[in-house]
Structure formats: C-alpha cells, structure tokens
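I opened the notebook with a short list of things to look up: what surrounds the ligand, what lines a pocket, and where some backbone angles and polar contacts stand out.

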Amino acid sequence: MREVRVCSLPKVLAMTELPRTERSPRIRKPASFALPPHLADRDAICRTFSWAEARRHLAGLPGGGLNIAAEAVDRYANGARRDHAAIVWLGADGGRLVLTYGDLQRLANRFANALTALGVARGERLFILAPRIPALYVAALGALKAGVVVSPLFSAFGPEPIATRMNLGGGRVLVTTAALYARKVAPVREQIPTLAHVLLADCAAGDELPSAGHDLDALLREASDEFVTVATQPDELALLHFTSGTTGKPKGAMHVHEAVVAHWATGMYALDLHPEDVFWCTADPGWVTGMSYGIIAPLVHGVTMIVDEAEFDPLRWYRILQDERVSVWYTAPTAIRMLMKAGSELARDFRFERLRFIASVGEPLNPQGVWWGLDTFGLPIHDNWWQTETGGIMIANTVAQDIKPGSMGRPLPGIEAFVVQRHQGGVEVIDTPDVEGELALRRGWPSMFRGYLNDEERYRKCFAGDLYLTGDLVKRDAEGYYWFVGRTDDVIKSAGHLIGPFEVESALMEHPAVAEAGVIGKPDPVLGETVKAFVALKSGFEPSEALRRELLGHARKRLGPSVAPKEIDFAPRLPRTRSGKIMRRLLRARELGLPEGDTSTLEADK
Ligand code: ATP
Ligand code: MG
C-alpha cells in the first residue's frame with residue numbers, strides 16, 4: 001500500500017470571508033478564492049462556449065474516435081501524472097489502498113484483455129453488481145476500454161430487479177462478488193438467458209464456481225498489462241443507466257462515449273475541479289451520479305478521488321473529509337439531512353482545512369441545508385440539477401456566483417434551458433420571470449441520453465421539436481436562477497392553485513422539530529386536491545397533538561392557508577429510493593389505498 005501523493009494547497013481563505021447572513025435570501029460569492037475559479041466570468045464564458053471547442057480539450061483517439069476510459073485513464077497514465085493517486089479506496093474494515101493512474105491503467109488493461117479472451121465483443125453489455133470495491137472501478141474502466149457497454153446496478157437490489165434490468169439490457173457479462181451472486185443472482189439465473197459469463201471478484205481458494213463463472217482475480221493475474229483501447233466512436237453506446245424509479249418503473253437510459261465531453265466540462269464549471277484536488281462523490285456508482293461524477297469526471301480531470309466502501313456514518317464521513325483532506329465534496333440532500341439530523345456538534349472535533357467547495361444533487365436542497373453547510377463547514381452547499389437522462393450537470397450554483405438558497409442555480413455553459421408550458425399542439429416557451437412551467441433543454445449537449453432501452457415511443461415523447469422536456473416543474477427568476485417546484489407528477493392542484501411539494505416541505509423543514517417532510521395531494525370533491533404532509537421528527541422530539549397543531553400553524557403562517565397542508569401525519573421515516581429520494585408516489589398510494597407500483601428501488605426499512 002502506498003501513501004497518497006497530493007501536493008498541499010494554500011489554505012482556503014476565501015470562504016471564511018463569506019458574510020454569515022443566515023436566512024438571507026442571497027449568499028454573496030466569496031471576495032477571494034484559494035484557487036482561480038473556472039467560471040468566474042460566467043456570462044462571457046456562456047456566450048463563447050461551444051461543445052466542439054470543449055471536445056478539443058480531450059485527447060481523442062485516432063480516426064476521430066473517443067473513449068471515456070481513454071480520457072479518464074490513459075491520458076494521465078501515459079503522461080506526467082502516471083504516479084499521481086487516482087483512487088484512494090477506504091475499506092469498510094479500515095483498509096486503505098491507493099491506486100495511481102498507472103495502476104489503474106494496468107488493471108483496466110488486464111480486465112479488457114480478460115474480456116477479449118472470453119470472446120466478449122465490442123458493443124456487448126456488461127453489468128456490475130458490487131459494493132464499492134476496487135474491482136468495480138477496474139471493471140467499469142476496463143470494459144469501456146474494450147468498447148463493451150457498462151451498466152452498473154446498485155448492490156442492494158433484490159433478485160427480481162436485477163433479472164429485469166439485465167434482461168432489458170441484454171447483459172452478456174456480470175461482474176459481482178461470490179456472496180452477491182449466491183444471494184441475488186443464482187435464484188434468478190434461469191431468467192437471464194443472455195448471461196454468458198459471471199466474473200466473481202472475491203473468490204476464495206477452493207470456492208466452487210457457478211456455471212460459466214470465473215475467478216476475476218485469476219483472470220486478471222493471467223492477463224497482459226498492455227491493451228490498445230478500442231477506438232470507439234463518439235456516438236457509440238457506452239453506458240446504460242437505470243433511473244431511480246421515484247415516479248414510476250425505472251427506465252434504462254442509453255449514453256454514448258461522447259458524454260465524456262460533458263463530464264469534463266461540468267467537472268470544471270460545476271465542480272470547479274483543479275489538478276491537485278481531492279474529490280469525494282458520495283454517490284454509489286449504481287446510480288448515474290456515482291458513474292458520471294464518482295468515476296468519470298474526476299478521472300478525466302486527473303484528480304485524486306475518494307471511494308468509501310462503507311455505508312453512511314456521520315462520524316466516519318467527517319473523519320474522511322478531515323483525514324483524506326478532501327477539497328471538493330459532492331453529496332446529496334438525503335445525506336445532508338441525515339448529517340443535520342445527527343447534529344452538527346458532531347463535526348466540531350474535526351478540522352476541514354482543505355475543503356473549499358461543496359455541492360449537492362438528487363433532490364431539491366432546502367435552504368436549511370445550504371445554511372447548515374455554512375454553519376458546519378464555513379461553506380454553503382451548492383445545489384445543482386440534472387437527471388439520468390441528461391448524463392451530466394445542467395444547472396448549477398457555482399463557486400464564483402452568488403447563491404440564492406433554495407434555487408438550483410443557473411444553466412452551465414453549453415446548456416440552453418427554458419420554462420415551457422405544454423399545449424395540445426406542442427409547447428409554448430414562457431419568457432416572463434417567476435412563472436411556473438416545465439423545464440426544457442435544447443438538445444445537443446454530448447451527455448444527452450440517446451434512447452430508453454426498448455422504449456422508443458417513450459423517448460420520442462420526451463421531445464417537442466429540439467426541446468427535451470424534463471418532467472420537472474420550475475420557475476426562473478429575473479436574474480436567470482431556476483427554482484424547483486416539483487415533478488410534473490407530484491404537483492398538487494388545489495382550488496385552482498398549482499402547489500409544488502418542495503415549497504411546502506421546505507417551510508415545514510424550517511421548524512426545529514422537523515427532520516424531513518414529504519407532501520402529497522389528496523383528492524377532494526370541492527378543492528380538487530388538498531395538501532397532506534408526512535413529517536419525520538428530529539431526535540429529541542415526540543409526535544403529539546400539540547406538535548401537529550403547532551406545525552399546521554407554522555406552515556399556515558409561512559405559506560398562507562391555500563398552500564399550507566390541511567393534514568399532517570407523523571412517520572418515523574419517509575419511504576425513499578435507494579438513492580435517497582423521497583417517494584411521494586408511495587406516500588400517496590399508501591394514503592389512498594392504491595397499488596404501490598414498482599418498488600424495486602425502494603430502500604429497505606432499517
Ligand atoms: P424516475 O425517472 O425513475 O422517476 P428519478 O427521476 O428520481 O426517477 P433520476 O434521474 O435519478 O431519477 O433523478 C433525476 C430527478 O431528480 C430530476 O428529474 C429531479 O426531479 C430530481 N432532482 C435532481 N437534482 C435535483 C435538484 N437539485 N433539485 C430538485 N430536483 C432534483
Ligand atoms: Mg426521472
């Protein structure tokens with residue numbers, strides 16, 4: 001095991017100068033920066049940016065080829081950063097392993113050679129079902145090098161969701177562990193007729209292999225270090241990602257190698273990555289965030305990235321941020337809510353000397369979360385927005401721009417966003433500020449999905465002319481900041497008002513007793529729908545009639561009687577997807593006694 005090599009950065013001065021105007025509607029950008037920010041002059045860069053020009057910053061392959069893994073690994077392994085730490089892996093049991101760009105290249109090459117030796121061809125599909133172990137990263141990058149399409153699955157999925165997804169994607173190879181195979185794949189193996197090879201990452205000597213099973217370590221040991229990356233074309237399929245299933249049955253989004261151009265640009269503009277950064281994306285690679293920003297973007301920038309094998313644990317996370325000297329941290333509202341719930345006093349014994357930028361994605365980030373960052377780290381949390389379908393960050397609060405807590409920021413260079421309203425014959429673009437409508441993006445950014453697996457019709461319906469319709473409702477203010485209102489499926493129509501659950505949930509979250517809130521519409525013969533909230537309390541608070549009345553009053557005062565919930569139920573916790581999103585459709589189904597629909601991504605009760 002080697003020590004990680006990272007040069008030390010000048011200690012961050014800038015953020016301590018941020019005005020501590022808590023509850024202020026605006027957090028001013030820092031007066032100075034530890035490193036020159038990438039998007040300091042946002043307007044000028046947005047005016048001149050082009051994707052063709054961005055592409056020129058990548059190495060590319062002969063004959064106009066482009067390959068995600070070549071950009072992420074070979075570019076640095078073949079140059080001066082060969083010995084720079086690419087991955088610092090922290091084992092759940094306390095182990096620590098550092099893989100340099102050179103190590104990663106050797107291992108990925110071996111994996112690509114092993115696949116080729118098994119007869120796995122370019123364009124065939126490889127699924128990964130594994131905890132965050134080094135083999136996952138090696139397999140993903142090695143397969144991409146070989147031109148094999150990668151589809152990561154979250155390791156907590158049960159057998160049925162695994163079989164469904166592998167069938168939909170036509171999985172030929174599965175990389176997993178012996179334990180996961182026995183528990184989750186063996187029972188449904190017959191249902192996956194395309195599966196030809198199972199590569200097991202943690203075989204013990206003498207283990208009996210399943211049919212068509214291989215010991216991955218043995219394959220890697222025997223394979224050569226040299227591999228010429230397949231010259232995949234920019235529009236060649238690279239990744240299959242399943243959506244989170246928050247609003248319904250998960251869809252399989254298809255992404256191409258050209259997406260790497262967007263990973264590069266957004267790693268720079270949205271996450272402000274600089275070469276000496278230590279970057280930690282807490283998302284699991286089973287979801288698109290964990291692939292786009294937990295593997296590709298940091299490596300494409302040649303930085304050091306942290307991988308933590310263990311599950312969420314507040315003290316462990318604070319220790320990692322401190323001891324690994326994380327400088328840029330990308331996390332999610334669900335994690336922030338859990339850290340808030342655990343109490344920020346836990347963070348007091350730690351020093352986050354190198355941390356200079358924090359961002360969040362996945363769900364709306366309540367203003368409380370942004371301020372909590374300021375209180376706990378001296379840094380606000382920068383919300384950004386994107387989806388599995390967009391493949392990369394589209395709208396963001398960035399390091400050198402003012403933040404308006406509760407807003408997801410402004411479109412990044414190369415992204416044209418619109419607020420539209422759907423009409424029978426098409427869509428109308430709404431230019432007036434502060435009017436609610438669906439968020440639409442002009443197609444043409446490189447990480448845009450190129451289809452839903454086996455559902456061409458659904459894909460087609462996502463577009464109106466050259467606009468991609470996201471299914472999310474937003475408002476844009478006069479300064480161009482976007483405000484999330486809710487999913488089109490979650491919006492509540494009550495007495496002629498359109499009510500976004502996020503606004504109601506944020507108001508409830510302002511109350512000191514509330515840890516999280518989920519809001520739904522309940523059918524009502526007079527009003528159309530009424531607003532009902534489910535609330536989980538922070539530790540130290542008990543449900544009571546008095547507290548319910550207090551919360552109803554608090555919400556009415558904040559939101560007015562037509563928007564405030566009419567009913568509040570207490571719940572120990574809210575149903576959420578395994579990626580941490582509140583599943584309002586389940587709250588609604590359970591409330592109304594309706595079928596629960598696809599629950600494959602529902603997080604198991606803990
Ligand atoms: P499904 O499409 O299967 O219902 P999903 O939409 O949750 O699931 P993802 O692609 O993982 O699947 O999530 C993208 C969605 O998450 C966005 O469309 C949006 O609704 C929500 N989201 C992501 N980031 C933000 C954010 N910063 N603010 C508000 N919502 C966000
Ligand atoms: Mg979605």
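The entries below go through the ligand, a pocket, and then a few single residues.

**Conventions.** I worked on a predicted model, in which local features need pLDDT of at least 70 and side-chain atom pairs count only at pLDDT 80 or more, while totals for chains, interfaces and linings use all residues. Residues are numbered from 1 along each chain as its sequence is written, chains are lettered from A and ligands numbered from 1 in the order in which they are written, and side-chain values use heavy atoms, with hydrogens and water left out.

**Ligand 1.** I looked up the shell first and found 22 residues around ligand 1, the closest being Ser 244, Thr 246, Thr 247, Thr 388 and Lys 581; a residue is near a molecule if one of its heavy atoms lies within 4 Å of it. By class, I noted five nonpolar, 10 polar and seven charged residues in this shell, where Ala, Val, Leu, Ile, Met, Phe, Trp, Tyr, Cys and Pro count as nonpolar, Asp, Glu, Lys and Arg as charged, and the others, Gly among them, as polar.

For polar contacts I used pairs of N or O atoms within 3.5 Å; within protein, one must be able to donate a hydrogen and the other to accept it, and residues adjacent in sequence count only if both atoms are side-chain atoms. An N or O atom in the side chain of Thr 246 is 2.4 Å from an oxygen atom of ligand 1, a polar side-chain atom of Thr 243 lies 2.7 Å from a ligand oxygen, and for Lys 251 the corresponding distance is 2.9 Å. Taken alone, ligand 1 exposes 630 Å², of which the protein buries 96%; the areas come from the Shrake-Rupley method with a 1.4 Å probe, and for residues only the protein chains shown count as cover.

Strands β14 (381–385) and β22 (482–487) each supply at least two residues of the shell, and β14 gives the most, with three. Helices (H or I, at least four residues) and strands (E, at least two) are DSSP runs, numbered from the N terminus.

**Second largest pocket.** I then turned to the lining of the second largest pocket, which has 21 residues, with Gly 406, Trp 483, Phe 502, Glu 503 and Ser 506 nearest its centre. The lining divides into 10 nonpolar, four polar and seven charged residues. Helix α15 (501–509) is among the elements that supply at least two lining residues each, as is β22, and α15 has the largest share, four residues. A pocket, on a 1 Å grid over the protein atoms alone, is an open set of points where a 1.4 Å probe fits, with protein on both sides within 12 Å along at least five of seven lines, and lining residues have an atom within 4 Å of a point.

**Single residues.** Which residue in the loop between α9 (259–269) and β10 (278–281) did I look up for its phi? I found Asp 272 in that loop, with a positive phi of about 55° although it is not a glycine, and buried at a relative accessible area of 2%; buried means under 20%, exposed over 50%, partly exposed in between (1.4 Å probe, protein chains only). His 274 is found in the loop between α9 and β10 too, and a polar atom of its side chain lies 2.9 Å from the backbone oxygen of Asp 272.

Asn 454 has a positive phi of about 50° and is not a glycine, but I noted that Asn 454 is exposed, at 65%.

Lys 532, in strand β26 (528–537), counts as buried at 2% relative accessibility, and its side chain makes polar contacts with the side chains of Asp 569 (2.8 Å) and Glu 591 (3.1 Å).
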